[in-house]
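Welcome! Here is a short, friendly tour for anyone meeting this structure for the first time. Take a look at the sequence and the model before reading on.

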Amino acid sequence: MKILIGYDGSESANLALEDLPLAGLPENVGAVVMTVGEAWEFPIVADRVTLSTAGFVLPMGTAVGQHLSEVKKQAQITASAAARKVKDIFPEWKVTAVSATGKSAFELIKKADEWSPDLIVVGSQGRSTIGRFFLGSVSQKVLNESNCSVRISKKGGSGEHSELRILLAVDGSENAEKAVREVAGRLWKPGTEFRLIAVNDPFIHNELGFIAWNFDKNQPEKSQKSEEWIEKTVKTPASILQSAGLTVAEAIGWGDAGNIILHEAKEWGADTIFLGARGLTRFKRFLLGSVSSFVALRAECSVEIVR
């Protein structure tokens, strides 16, 4: 497995490193820790330099070059320190530190396009001096535009339970099945708890259709359509997880899918939410599912969007 870790030395970035052991990752991993140094820019165009401006432009160009070199050097120091932390956590991993200068999201996505990782890991917030992994800007851009899965690490869970809790949001789609199979293929510590949450959302068109809901009992009405919906949406993914030796609980909700998922995660004290994503080509990257994006931006725990 190949993992690209965006790191900027912030508290949120360190939290992302601490969150890695909670992701069920395998022992055979090649990880790249990348720090992007954001430097001020001064464009130098040689054919525009005249005798009257050379005294100002050329020294400024030298200063810019020195500044970029210093920023990249510091970024490499930061990335190397983080790589050592990752190596301490996962001694069997092959970990490399790299650095770049530029815009954080652009450089991370560029590296991902070149290296083709299976997963990008970023913190939800950051500091602007080295890299801005602010949720809603850099993290959101990486989430929307990357070709691979993205994990946004946050400090979540209720803190009242000792076992790891993984919530999977499913909707009967191919993307949801991919997320389930990804979870089923990971290495989880004994005692890890799993829960499937499926939401019958009347606001989103679903090829499975909508089922009648008993609001008094807060559960689906018993009918052939309901049974077919539950079998496709919940029972099938549950069987995939059970076949991997995982113990799974099930929950079904009615209403706005994003809010129901967030409520379930908070009430249950989930440590990570797994969801599938929409968008298969680079052109369609911005078509990340509205529910997936909504949950990723608002969840109090870590969220992994599986592509």
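## A helix across three strands

Helix H4, residues 138-145, lies across strands S4 (119-123), S5 and S12. The direction of H4 is at about 160 degrees to that of S5. Please keep in mind that this is a predicted model.

Two of the strands under this helix are also linked to each other: S5 (residues 149-153) and S12 (residues 302-306) run antiparallel and are joined by 3 bridges. Within this pairing, valine 150 has isoleucine 305 in S12 as its bridge partner.

## The wider sheet

Now step back to see the sheet as a whole. It is an open sheet of 10 strands with mixed pairing, and the order is S3-S2-S1-S4-S5-S12-S11-S6-S7-S10. At its edges stand S3 (94-101) and S10 (248-254); each has a single partner strand, so one side of each has no neighbour in the sheet. On average, neighbouring strands are turned by 20 degrees against each other, direction ignored.

## Serine 99 on an edge strand

Strand S3 is home to serine 99. Is this residue buried or exposed? Serine 99 is buried, because its relative accessible area of 14% falls under the 20% cut-off.

Its side chain makes a polar contact of 2.9 Å with the side chain of glutamine 76. A polar atom of the serine 99 side chain also lies 3.5 Å from the backbone oxygen of lysine 72. Leaving aside residues up to four places away in sequence, serine 99 touches Thr35, Lys72, Ala75 and Gln76.

## Cysteines

Cysteine 148 is buried at 9% relative accessible area, and cysteine 301 is buried at 4%. The structure holds 0 disulfides.

Definitions and conventions
Residues are numbered from 1 along each chain as its sequence is written. This is a predicted model: local features need pLDDT of at least 70, side-chain atom pairs count only at pLDDT 80 or more; totals for chains, interfaces and linings use all residues. Side-chain values use heavy atoms; hydrogens and water are left out. A disulfide is a pair of cysteine sulfur atoms within 2.5 Å. Buried means under 20% relative accessible area, exposed over 50%, partly exposed in between (1.4 Å probe, protein chains only). Two strands pair if DSSP finds at least two bridges between them. Helices (H or I, at least four residues) and strands (E, at least two) are DSSP runs, numbered from the N terminus. Axes are lines fitted to C-alpha atoms, for helices over the stretch in contact, and angles run from 0 to 180 degrees between N-to-C directions. Contact means heavy atoms within 4.5 Å. A polar contact is a pair of N or O atoms within 3.5 Å; within protein, one must be able to donate a hydrogen and the other to accept it, and residues adjacent in sequence count only if both atoms are side-chain atoms.
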